[in-house]
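Please look over the sequence and the model below before reading on. The briefing that follows moves from the overall fold to a few selected residues.

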Amino acid sequence: MSRNKWLLMGSVFILILLIIYRLPYPNTRFIGSGSSDLFLFNLSSRTGIQLLEWVSFILFILAIVLFIRSLSNHRAVLTVLMVIVVGWLPVKVVNLYQYTLATGVDAVSYNDEESTCTYNGRDTMCEVELKNHSSDEVNFQLNIYDNYQTDGFLLDEWEHIQLKPRSTHMIEINQTSSEDVDMSGYTNSFNIQIRDDDKERDL
């Protein structure tokens, strides 16, 4: 099946580096930060070209070429499987860690697909779905970050959050700003930052 073990080892080595680089932990990339995404590679953003993303994308293409050239048969099937593994494995590795060894804010995951924020003038109401994967209660502070807001954070104050063990919570946050804000709208494309005494994470 393999006609050149050195090419195969080179491609596997590059793919391992890419999997480590793409691990969505302890932070994840900001939602909507990329204007040109290709197979999880955030090639550009509002701040310009993302050099590391382009380097990782080029390395990914190189790894595919080396992988194909190292094989003597079943190239198409094995290449597709390899691409699936690179896209699938980083998330599964993080999930495995959170389900087994993670504690505190490390054990918290954020479901952005089920989270929303509505703001009307000075009033902001957000629903944020969080899950505590550990067997212990987790306490931390949370704030919401919107990449499309010029001032960054949607909330004036950090919210204190408490999550019960091994459970999913829909957290409702209501805040009234002390400043007059002539703006209203709705968003489900935002990020959160959580922190305790020891660590801060961007999710």
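How many helices and strands does the protein have? In this predicted model, the protein has three helices and 11 strands. Read from the N terminus, these elements follow the order α-β-β-β-α-α-β-β-β-β-β-β-β-β, and the points below turn from the whole chain to strand 5, strand 8 and the residues associated with them.

**Overall character**

- The protein has 203 residues, of which 37% count as buried.
- Its accessible surface amounts to about 11900 Å², and carbon and sulfur atoms account for 56% of that area.
- When contacts between residues at least 6 apart in sequence are considered, 65% of them join residues that are at least 24 apart.

**Strands 5 and 8**

- Strand 5, which spans residues 123–132, runs antiparallel to strand 8, and the two are joined by 10 bridges.
- Within this pairing, C126 stands opposite I173 of strand 8.
- Strand 8, covering residues 167–176, has one covered face, made up of S167, H169, I171, I173 and Q175, and one uncovered face, made up of T168, M170, E172, N174 and T176.
- I173, the residue that C126 stands opposite, therefore belongs to the covered face of strand 8, while C126 itself counts as buried at 0% relative accessibility.

**The disulfide**

- The count of disulfides in the model comes to one, and this link is formed by C117 and C126, whose sulfur atoms are 1.8 Å apart.
- The link of C117 and C126 is right-handed, with 110 degrees about the S-S bond.
- Are the two linked cysteines buried or exposed? C117 has a relative accessible area of 0% and is buried, and C126, also at 0% relative accessibility, counts as buried because the cut-off for that class is under 20%.

**A buried charge in strand 5**

- E129 lies in strand 5, and although E129 is buried, this residue has no salt bridge.
- Which side chain of opposite charge is nearest to E129, and how far away is it? That side chain belongs to K131, which is 8.2 Å away, whereas a salt bridge would need a side-chain nitrogen of Lys or Arg within 4 Å of a carboxyl oxygen.
- Leaving aside residues up to four places away in sequence, E129 touches S109, Y110, N111, E114, S115, T168, H169 and M170.
- Among these contacts of E129 are T168, H169 and M170, of which H169 is listed on the covered face of strand 8, and T168 and M170 on the uncovered one.

Conventions. Residues are numbered from 1 along each chain as its sequence is written. This is a predicted model: local features need pLDDT of at least 70, side-chain atom pairs count only at pLDDT 80 or more; totals for chains, interfaces and linings use all residues. Side-chain values use heavy atoms; hydrogens and water are left out. Buried means under 20% relative accessible area, exposed over 50%, partly exposed in between (1.4 Å probe, protein chains only). Helices (H or I, at least four residues) and strands (E, at least two) are DSSP runs, numbered from the N terminus. Two strands pair if DSSP finds at least two bridges between them. Contact means heavy atoms within 4.5 Å. Accessible areas come from the Shrake-Rupley method with a 1.4 Å probe; for residues, only the protein chains shown count as cover. A disulfide is a pair of cysteine sulfur atoms within 2.5 Å. Lys and Arg count as positive and Asp and Glu as negative; His and the chain ends are not counted.
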